[in-house]
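This report describes a single protein chain through its fold, its cores, its surface and its charged pairs. The sequence and the model are shown first.

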Amino acid sequence: MRLPSPAARMITCRGSVMRGGSVDGVAGNSNRSEDRARAVAETACDNPRLRAARSRKTDLSAPRPHTTPALSWKFTLALATLLTLLTALVNGQDRNWDLRNYHLYTGSALLQGRLDQDIAAAQLQTWHNPATDLPFVWMVHAGWPGWLIACWLCLPSLLALFFALRILDRCWPQASSRWRLALTAVLALTGAAVGPSVGSTFNDAIIAAGATGALWWVLRTRADASLWKTWLPAGLILGLATGLKLTGIIYCVALAAVALLAGPWRRAPLRALALALGGVLGGVLTAGPWAWVLWQTFGNPLFPYFNQVFQSPYAQAVAYNDARFIPHGLDAWLTVFHFTKRGFLFSEARLADPRILLGLLSLGLSVFLQRRRQQPWRDVGLLLLFSVVTLAMWTRLYGIYRYLIAVELLCAVALAGAASAYLPKRWPRFVLIVGLALVIGLTKRPGWGRSHPFTTPMVQVRFPSIEPDAMVIISSTSPLGHAVAFLPPSVPAISIANNFMRPQTCTALQADAEARIAQHRGPFYLLRETRTDLEDPVATEYTHYGLAQQGPCQPVSDSLRPVELCPLQRVQEVSALCPQARAAPAADR
């Protein structure tokens, strides 16, 4: 009996049999044949390349060696750029509530020196980090057209989509193709969180870009790079984004969970340390300068948030968190199912989206099938872990749907990846296209006040003639900060009642406002929205300071909202609402 050739069988280093016979004791063979077979086996076992190949094949916990060539990153970037710009132009010109309240105001006030003379002109959000808005502010005051500014504003969404598509090709390489990338990009850009944010001043897309970028870097480098080269840059990327908008903390916790479970337990502390060092460095670089300004001014680096901790006298000792949309009890566990129902559970505007629910199911299915087929599954498992931990933190802290842009992106990618990889190959492509159409049809996207056509300049506000020594009073919960950004430099804006200020709440900032009004000897004007402020519950709070409206209001030419300027007059001297307001001159902030 002849031995099968070495190429026709698999031989183990310890003489065990896998297929086609054994090395030791083959019946009917001569001693010379046995010696020759044993020599072949030993030679194969001593080959380092073969040993490495066997090790990679049998170690399912190791990161996957990607042998399937991915599509060019240049094509992916070009596709993301084209579709994101198209989405921004289809969405229309941005005029959302946050833009009208603080995105334009705070950056303008910083550049114009108004922060020292105005008081809470953009309400609670006056003191948000303006770093990301400074280019937008400059473009608006330079008179750039709205469509060009929209193209600039879609850059974070473009980067987030690019990284998400790269993750798609890495985790589901079996069916990689250009048509799949295109369908996935359309699926992602039509989501209820992703779509409306494209080309807007919402900074949530910056967090999504940081989260998907950091996650892509981890998946790409953890197999080949050293621990520090993987986790320190990942922390830096996400830390830079989170420093610009602190709601990114939910993704920081999720990435920390990934770091703990992305390799051997004995090295988990080092991975977490590298990630934390990168995150702290990134956060200090982007949040540090503004936090220092707030600390020097108010004694709270996050002013006015977390003031129950920092105890700044300029605000109440409360957290100032928006808990309107945080689910509780059973609803918290059923959150992903609630996403599919149209309503206002997680947003001021009506929305619904099945992507997160379907995406989580796709991630779970992918992990199950890859493990069952003895395929590498860790990358997809880390995506699932990242998404679930993010959702848990989001449910606990925020409940505002648009903060989940990164999760919605990853779930859109997972849905497309699983469908293309595991649906029967005999199914034609139009089946996937029909599925895409169904998901889009079940989606209800909020509009956030977008408008067509685009205007040049994007924002234009013209006030009627105002005396140089006048003072503008704001007593409104409407977003008027954008108009204040166009006031004459010598005219301060003092907000005495809004979602942060109340005459009856004697913080140091409220006392400062009262003292400024009492000491002012020039004319007063009331700035308000023409229609909505007539029924605003705080619309007449200025009467607590002895002021009354005198004479007709004059319209303000405002391209975003109907606004008017009404003359006020001091009709009586009133006793101090805040005793410290009359005890000393107005505070120097």
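A residue is called buried when its relative accessible area is under 20%, exposed when it is over 50%, and partly exposed in between. By that cut-off Asp204 is buried, and so is Arg402. The model is predicted.

## Overall composition

The protein chain holds 24 helices and 9 strands. Of its 589 residues, 52% are buried. The accessible surface of the chain comes to about 26,700 Å², with 62% of it supplied by carbon and sulfur atoms.

Contacts that span long stretches of sequence are frequent: among those between residues at least 6 apart, 73% join residues at least 24 apart.

## Nonpolar cores

The largest nonpolar core has 90 residues, and Trp172, Leu255 and Ile356 touch the most other members. Helix H20, covering residues 405–422, gives the most to this core, with 14 residues. A second, separate core has 34 residues, including Met458, Val461, Leu480 and Leu560.

Which residues does Ile356 touch, leaving aside those up to four places away in sequence? They are Val336, Phe339, Leu391, Tyr401, Leu404, Val407, Glu408 and Cys411. In soluble globular proteins, nonpolar side chains tend to be buried together.

## A nonpolar surface patch

Trp228, Leu232, Leu270, Leu273 and Leu277 make a nonpolar patch of about 420 Å² on the surface. Two helices, H12 (227–244) and H14 (268–298), each supply at least two of the patch residues. H14 gives the most, with 3 residues.

Leu232 lies in helix H12. Its relative accessibility is 34%, so Leu232 counts as partly exposed.

## Helix H11

Helix H11 runs over residues 204–221 and has 18 residues. From first C-alpha to last, H11 reaches 26 Å, close to the 26 Å expected at 1.5 Å a residue. Because 16 of its 18 residues are buried, H11 is largely enclosed by the rest of the structure.

## Salt bridges

The count of salt bridges is 14. Side chains of opposite charge can pair when their charged atoms come close. Asp98, Asp204, Lys245 and Arg402 are linked in a network of such bridges.

In this network, the side chains of Asp98 and Arg402 meet with an N to O distance of 3.3 Å. Asp98 lies in helix H4 (residues 97–103) and Arg402 in the loop between helix H19 (378–397) and H20, so this pair ties together parts that are 304 residues apart in sequence. Both Asp98 and Arg402 are buried.

## Pairs made by Asp204

Lys245 forms a salt bridge with Asp204, at 2.8 Å from N to O. Since Lys245 lies in the loop between H12 and helix H13 (249–261) and Asp204 in helix H11, the pair ties together parts that are 41 residues apart in sequence. Both Lys245 and Asp204 are buried.

Where do the two partners of the bridge between Asp204 and Arg402 lie? Asp204 is in helix H11 and Arg402 in the loop between H19 and H20, so distant parts of the chain, 198 residues apart, are linked. The closest N and O atoms of Asp204 and Arg402 are 2.5 Å apart.

How values were computed
Residues are numbered from 1 along each chain as its sequence is written. This is a predicted model: local features need pLDDT of at least 70, side-chain atom pairs count only at pLDDT 80 or more; totals for chains, interfaces and linings use all residues. Side-chain values use heavy atoms; hydrogens and water are left out. A nonpolar core is a set of buried Ala, Val, Leu, Ile, Met, Phe, Trp, Tyr and Cys residues joined through side-chain atoms within 4.5 Å. Buried means under 20% relative accessible area, exposed over 50%, partly exposed in between (1.4 Å probe, protein chains only). Helices (H or I, at least four residues) and strands (E, at least two) are DSSP runs, numbered from the N terminus. Contact means heavy atoms within 4.5 Å. Accessible areas come from the Shrake-Rupley method with a 1.4 Å probe; for residues, only the protein chains shown count as cover. Patches are made of residues with over 30% relative accessible area and no salt bridge: like charges are joined within 9 Å, nonpolar side chains (Val, Leu, Ile, Met, Phe, Trp, Tyr) within 5 Å. A salt bridge is a side-chain nitrogen of Lys or Arg within 4 Å of a carboxyl oxygen of Asp or Glu. The expected span of a helix is 1.5 Å times one less than its number of residues.
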